[in-house]
Amino acid sequence: MEIEVPGGSLNPGSGESGVGESGSEKSFSVLQVDLADEESERENEKYLDEEKEEETAEHLLERLMQLPYQVFILSESGRPIFVNSGNEEQLCSLFAVIGIFVERIRLWGDNLITISSNNKHIQFLHKSPLIFCIVSKYPEKLDEQLDVLFEQILSILSKSQLENVYKKKGDNYDLRKLLRGTDRLIESSVSSWRGSPISFVDSSISVIPMNPSDREFLANTMAGSLGAAKLEGALFGIMIAHRQIASYVRFKKYIMHPRDMNIVINLVSDKSLQLSDASTWTPICLPKFNDTGFFYAYISYPWQSQNIPACLVLLSVKRDHFDGLNEVKKSIVEKLEGNSKFFQNFSAAVICPNLFNISQIGNFNESLWSFIYLNHSSKQVCISASK
Amino acid sequence: MVLLGESAVGKSSLVLRFVKGQFHEYQESTIGAAFLTQTVCLEEATVKFEIWDTAGQERYHSLAPMYYRGSQAAIVVYDITNQESFQKAKNWVKELQRQASPNIVIALAGNKADMANKRVVEYEEANAYAEENALLFMETSAKTSMNVNDVFMAIAKKLPVGPTQGQDSQGTVDMNQPQQQSKGSCCK
């Protein structure tokens, strides 16, 4: 199956308005104005900067010290791209230090991986053209968190676009221009990873508790409607609620890696998509599946107006499948609502999810307080309530 | 119909105001494109709007043809307090004139009209540009709802009445084509 890249390569120049007809004249006149009071303005800036730095540098570092973790993304030339709390501009010098550390050790022909002290653990990941760094109070799985972060960026741009943009626009390119509006996705990908018990087990997917028979009906309905539509390239269907999956159907030959699944879950959990009577169509790269191409995701919250927070996602490799998948959604929704007993159970399970119950694995052991079950082949996890 | 324009000019806010009558002071940036519908009764006909609210960010630019190719109408939005967004709007108009369906109805909307004290794009300038290019033009405010319904209605009135659905069926906006459904699946 071939995966197409949305729109092919970046459209050079499309993002730079004003460089057209009137550009040269304009920039010339702007320059002239600037020259007159350039010096005094510079002094002003310097003064302001100094004042700001004095005021914030200490505060800022103090604040950062309190945080359980801090994540940085920068370009190889040290240009800030993302920090999970606060403002990249304020932390320029910290970004520079990270860049220099990584670069210095690379010049020695080695790789900087981690720096540890008693209560601070710093992990680095250099994936050209980007550098990732996490500073954390706890040392657990920092390497995997950085991998997740890298894949989150790839899911927005794909590896080919990421590499091309630096090739075309130079090492000094400000990647934030291309990532505009995605800070909250990057942020939620890290925070949900850290906040979830699934981070204890390698890249897994958490499953929302439901009656097995209801889940089976849900899966059969989704598989039936998706299969019947005969849309070649529509490969996956997922029902998600509360960042957990209720059901997942796929074409036989294709498997979605749990880390890719978590990227999808993170995307659809964004508040901006939770609109009633609307659906979203967006490209998304799933790096474990193919880091150079894009899927197109059909995303809808069919019952948002009834406050049922379930999200249906249908993924295709074809960009013109929106209409087809919209019909698939209608068919799935119709069939699910048509089975009133199912729909009642499903709504209850999704609106107010229970944890799995210990009695579900038998009452034989008095001393069992809680369990986590990981299915090794599907990487799905069930977590019980405590006794 | 499709809404195009620089990011943060208020495309989603206009659509939300029109479709749901809502306005959020802090509207999250759109991911990809959102598809919404709204049915409106005019005196002589019922119009069903099928609206693509696209994301304005640079990385989505190359996807735009997917949304405007099947559209009968486009609203190109700029922010009256942002000169660059007006330039971007002109680029969108050019692109539509070159690449969209030749009969497409284009409206230019200068949004955030409630922020007149920060205005940098003059009404006359935009109006003159719209006249030159035969565009509908209005200044709008999703916040106060000024001219929001009007701009959608003005477009509806310019659309051909009756069975235009046929020509549109290869496009991306016709939702009335049932899929051929057949039994059997390899999906699970």
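**Notes on helix α3 and the domains of chain A**

1. Let's start with the outside of a helix: Ser93(A), Ile100(A), Arg104(A) and Leu107(A) are exposed, on the face of α3(A) turned away from its buried side. Exposed here means 12 or fewer other C-beta atoms within 10 Å of the residue's own, buried means 20 or more, and partly exposed is in between, with C-beta atoms placed from the backbone. Helices are DSSP runs of H or I with at least four residues, strands are runs of E with at least two, and both are numbered from the N terminus.

2. A word on the model: it is predicted, with local features needing pLDDT of at least 70 and side-chain atom pairs 80 or more, while totals for chains, interfaces and linings use all residues. Residues are numbered from 1 along each chain as its sequence is written, and chains are lettered from A and ligands numbered from 1 in the order written.

3. Now the inside: Leu94(A), Phe95(A), Ile98(A), Gly99(A) and Val102(A) are the buried ones in α3(A). They cover an arc of only 140 degrees around the axis (taken from the directions from the helix axis to the C-beta atoms), so they sit on the same side of α3(A). Among what covers them are β1 (69-75), β2 (80-83), β4 (121-127) and β5 (130-136) of chain A.

4. Right after α3(A) comes Gly109(A), with a positive phi near 80 degrees.

5. Zooming out, an automatic or database assignment splits chain A into domain 1 (54-195), domain 2 (206-351) and domain 3 (355-383). The C-alpha centres of domain 1 and domain 3 of chain A are 36 Å apart.

Technical notes: Two residues are in contact if their C-beta atoms, placed from the backbone, lie within 7 Å.
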